[in-house]
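Subject: Structure handover

Hi,

Here is the structure I promised to pass on. Have a look at it first, and then read my notes below.

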Amino acid sequence: QVQLVESGGGTVQSGGSLRLSCAASGTVFTSYTMGWYRQGPGNQRELVATITTGGNTRYADSVKGRFTISRDNRKDTISLQMNSLELEDTGVYLCNAHWLQHYWGQGTQVTVSS
């Protein structure tokens, strides 16, 4: 059973930065494409960024140039560095692991205030 635990959320002013982390356990981490999704007030879930086993990254257009996803295969963790945060970045950020099926963490709240 794959377990994903997020950390690093909080409240930050517009223009500020936050760093999210996700620790994985119960699986062979290097087999999985990992990613971050966010869920807004309307409960819609959207892709933020993904990183493959080979380190290839993909970003939503809205976060390109501001967010950076990375993974540490020795520590079974991924991170999301979020800079120049905007009000629209507010939401619950969920860690995702994908290989044959999707696994999700519980999520961590990010609130950007004006």
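**The four-stranded sheet**

Let's start with one pair of residues: Ser7 sits across from Ser21, which belongs to β3. Before going further, please keep in mind that this is a predicted model.

That pair is part of the match between β1 and β3 (residues 18–25), two strands that run antiparallel and share five bridges. Val5 is also bridged to β3, where its partner is Ala23. On to β8: β3 is joined to it by six bridges, and these two strands are antiparallel as well. If you want a residue to click on there, try Cys22, whose bridge partner in β8 is Ile78.

Put together, this gives an open sheet of four strands, ordered β1-β3-β8-β7, with antiparallel pairing. At the edges are β1 (3–7) and β7 (67–72), each of which has a pairing on one side only. From one strand to the next, the twist averages 15°.

**Two faces of β3**

Which residues of β3 are on its covered face, and which are on the uncovered one? Leu18, Leu20, Cys22 and Ala24 make up the covered face, while Arg19, Ser21, Ala23 and Ser25 make up the uncovered one. So both of the bridge partners I named for β1, Ser21 and Ala23, are on the uncovered face of β3.

**The disulfide**

How many disulfides are there? The count comes to one. Cys22 and Cys95 form it, with their sulfur atoms 2.1 Å apart. The link is left-handed, at -85° about the S-S bond. Cys22 belongs to strand β3 and Cys95 to strand β9, so the bond ties together parts of the chain that are 73 residues apart in sequence. Both cysteines, Cys22 and Cys95, are buried.

**The other pairings**

β11 is worth a look too. It pairs with strand β2 (residues 10–13) in the parallel sense, over four bridges; one place to see this is Thr11, whose bridge partner in β11 is Thr111. β11 also pairs with β9, this time antiparallel and over three bridges. There, Gly91 stands opposite Val110 of β11.

The side chains of β11 alternate along the strand. Thr108, Val110 and Val112 point to one face and are buried, whereas Gln109, Thr111 and Ser113 point to the other face and are not.

**The nonpolar core**

In soluble globular proteins, nonpolar side chains tend to be buried together. Here, the largest nonpolar core has 29 residues, and those with the most contacts inside it are Leu4, Met34, Trp36, Leu80, Met82 and Tyr93. Two or more residues each come from β3, β4 (33–39), β5 (45–51), β7, β8 (77–82), β9 (91–99) and β11 (108–113). β3 gives the most, with four residues.

Met82 is a good residue to zoom in on. Leaving out residues up to four places away in sequence, Met82 touches Gly16, Ser17, Leu18, Leu20, Arg66, Phe67, Tyr93 and Val110. Among these, Leu18 and Leu20 are on the covered face of β3, and Val110 is one of the buried residues of β11.

Best wishes

Conventions:
Residues numbered from 1 in each chain as written. Predicted model: local features only at pLDDT ≥ 70, side-chain atom pairs only at ≥ 80, totals over all residues. Heavy atoms only, no water. Pairing = 2+ DSSP bridges. Axes fitted to C-alpha atoms, helices over the stretch in contact; angles between N-to-C directions. Core = buried A, V, L, I, M, F, W, Y, C linked by side-chain atoms within 4.5 Å. Buried < 20%, exposed > 50% of the residue type's maximum accessible area, 1.4 Å probe, protein only. Contact = heavy atoms within 4.5 Å. Disulfide = S-S within 2.5 Å.
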